[in-house]
Amino acid sequence: MNLLHQEAQINLAELGKNTYPGRGLVIGMGDNPDNFFQIYWIMGRSEGSRNRKFVLRDAEDHRPIVAVEKGVSDGATVTPEQAALVFYNAMEEAKRDHQGTTFIVSNGAQTSSVAQWTSFPMNLLQKLNGWRYEPDGPNFTPRITGRISFARDGVQSEIVVLAKSRFGDSCDRSYYEYREFHPGLGHSVRTYESDGGPLPAFRRSPILLPLKGRIHDIADTYWDALDANNRVALAVKQIHRDVGTSTIVFKQRHDR
């Protein structure tokens, strides 16, 4: 095991000890260089936050959408203000003729905004120019957004974190771009560093996490790592680079 994989395993072990990392994403290359992966998870401390699940829908062009919807409990409620933040499309895909295919993952409504853009050359930070952190004080949850794009000139991954400044109400905007990938490794950000009150935002650069094995192996690895009391749902998307299609599996507290 080389140093990069050792670092990724240490980070995974730390994730396993974290009772509340919030929502998180991972983007990277699988063991097979022809396969890339996106992971997204949601967690919850309140009954309303835990009463959520992932569902798979088809967009108008039949590309899959992973949406966060209400779970199975009728007693768990959220306010209309909360609903706008806890129910959204978490994963979408977009294809533009002669430009390639892009796969988007995020923790909010910005997923659909990114998927609707008409030109790939605009980078992800530019596309999110009008967005800020979530208005859910006192936590002010960061918006985390990632995409991986496949075009004639190669593969590009981007991650954007929009977090409230520690000095005021302005928005800190962090952008990371990757054009080189290592088999079995992905970059990850999440909303919170750990549990707390208010919840402390994750302010580090993206960390390395492992992407080892087949899609179900990866799903099991991350589902087992997430705190059993607070985990709600996990989606793993395998992107087949040669054909531009994807496979998605879920692990979640509620039935699909």
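Two groups count as being in contact here when their heavy atoms lie within 4.5 Å. With that in hand, let's walk through this predicted model, starting with one helix and moving on to its aromatic rings.

**Helix α6 and its neighbours**

Helix α6 spans residues 215–225, and its buried residues are I215, I218, A219, Y222, W223 and A225. Looking down the axis of α6, you will find these buried residues within an arc of 160 degrees, so they line one face of the helix. The general background is helpful: an α-helix has 3.6 residues a turn, so residues three or four places apart point the same way. On the face of α6 turned away from the buried side sit the exposed residues H216 and D224.

What do the buried residues of α6 pack against? Their partners are a helix, α1 (3–17), together with the strands β1 (24–29), β2 (35–43), β11 (207–210), β12 (231–240) and β13 (245–252).

**Aromatic pairs**

A search of the whole structure turns up eight aromatic pairs. Two of them are set out here.

| Pair | Arrangement | Centre to centre | Angle between planes |
|---|---|---|---|
| Y20 and Y192 | stacked | 5.9 Å | 20 degrees |
| F36 and F181 | edge-to-face | 5.3 Å | 90 degrees |

The pair of Y20 and Y192 links distant parts of the chain, 172 residues apart: Y20 belongs to the loop between α1 and β1, and Y192 to the loop between β10 (185–190) and β11. Are these two rings buried or exposed? Y20 has a relative accessible area of 7%, so it counts as buried, and Y192 is buried as well, at 6% relative accessibility.

The pair of F36 and F181 also joins distant parts of the chain, with the two positions 145 residues apart. F36 lies in strand β2, while F181 is found in the loop between β9 (171–178) and β10. Here F36 is buried, with a relative accessible area of 1%, whereas F181 is partly exposed at 21%. The cut-off for buried is under 20% relative accessible area. Ring pairs also link F36 and F181 with F103 and F150 into a cluster.

**Charges over rings**

Y20 has a further partner: the charged end of R45 sits over the Y20 ring, 5.2 Å from its centre. Which ring does the charged end of K164 sit over? That ring belongs to F140, and the charged end of K164 is 5.4 Å from the ring centre.

Terms used
Residues numbered from 1 in each chain as written. Predicted model: local features only at pLDDT ≥ 70, side-chain atom pairs only at ≥ 80, totals over all residues. Heavy atoms only, no water. Buried < 20%, exposed > 50% of the residue type's maximum accessible area, 1.4 Å probe, protein only. Helix = DSSP H or I, 4+ residues; strand = E, 2+ residues; numbered from the N terminus. Arc of directions from axis to C-beta. Phe/Tyr/Trp six-rings, centres within 6.5 Å; stacked < 30°, edge-to-face > 60°. Lys NZ or Arg CZ within 6 Å of the ring centre and 35° of its normal.
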